[in-house]
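User: Could you take a close look at one part of this model for me, and walk me through what surrounds it? Informal is fine, but please spell out the cut-offs as you go.

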Amino acid sequence: SYDENNCDYLELEGSLKAALDSGREVVSASFIIPYPPGFPILVPGQVVSQEILAFMLALDVSEIHGYRPDLGLRVFTAQALKKQTKTAK
């Protein structure tokens with residue numbers, strides 16, 4: 001997840017919602033930690049679900065560490081996931 005070539009950003013109410021609605025597997029590339037309380041709701045490698053998206057959209061906190069409001073949620077590209085699947089076999 002440190003290689004920007006393996007990552008992309010998806011907007012919560014835009015491209016992320018569309019990807020999940022289409023059935024695409026979306027995998028987080030970073031920790032997402034709302035503050036307060038400061039507990040992670042996503043970790044690198046975790047599949048993002050419709051429930052997690054709904055939770056993130058409902059958050060009413062002062063900060064979300066790891067989330068970039070200007071870019072969106074940092075996720076792995078489909079190519080990076082495919083490459084990882086091939087090396088894991």
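Analyst: D8 sits in strand β1 (helices, H or I with at least four residues, and strands, E with at least two, are DSSP runs numbered from the N terminus). This is a predicted model, so local features need pLDDT of at least 70 and side-chain atom pairs count only at pLDDT 80 or more, while totals for chains, interfaces and linings use all residues. Residues are numbered from 1 along each chain as its sequence is written, and side-chain values use heavy atoms, with hydrogens and water left out.

How open is D8? With 40% relative accessibility, D8 counts as partly exposed (buried is under 20% relative accessible area, exposed is over 50%, partly exposed is in between, with a 1.4 Å probe and protein chains only). Setting aside neighbours within four places in sequence, D8 touches L73, R74, V75 and T77 (contact means heavy atoms within 4.5 Å). As for S28, 20 residues away in sequence, its C-alpha lies 9.8 Å from that of D8.

Those contacts lead over to β4. β1 and β4 run antiparallel, joined by four bridges (two strands pair if DSSP finds at least two bridges between them). Y9 has R74 as its bridge partner in β4. β4 is covered on both faces, with L73 and V75 buried on one side and R74 and F76 buried on the other. That fits the usual pattern: in a regular strand the side chains alternate between the two faces of the sheet.

R74 also has a charged partner. Its side chain meets that of E4 in a salt bridge, 2.9 Å from N to O (a side-chain nitrogen of Lys or Arg within 4 Å of a carboxyl oxygen of Asp or Glu). E4 lies in the segment before β1 (7-10) and R74 in β4 (residues 73-76), so the pair ties together parts that are 70 residues apart in sequence. R74 is buried at 10% relative accessibility, whereas E4 is partly exposed at 47%.

The structure holds three salt bridges. One of them joins D70 and R68, with the closest N and O atoms 2.8 Å apart; D70 is exposed at 54% relative accessibility and R68 partly exposed at 35%. R68 brings us back to β1's neighbourhood, as its charged end sits over the ring of Y9, 5.9 Å from the ring centre (NZ of Lys or CZ of Arg must be within 6 Å of the centre and within 35 degrees of the ring normal).

Another salt bridge links D21 and K17, again 2.9 Å from N to O. Both lie in helix α1 (residues 12-21), four residues apart, about one turn of the helix. K17 is partly exposed, at 37% relative accessible area.

What about the buried residues of α1? L12, L16, A19 and L20 are buried there. They cover an arc of only 100° around the axis, which puts them on the same side of α1 (the arc is that of the directions from the helix axis to the C-beta atoms). In general, an α-helix has 3.6 residues a turn, so residues three or four places apart point the same way. The cover over the buried residues of α1 includes β1, α2 (50-58) and β4, so to speak of D8's strand is also to speak of part of that cover. After α1 comes G23, whose phi is positive, near 90°.
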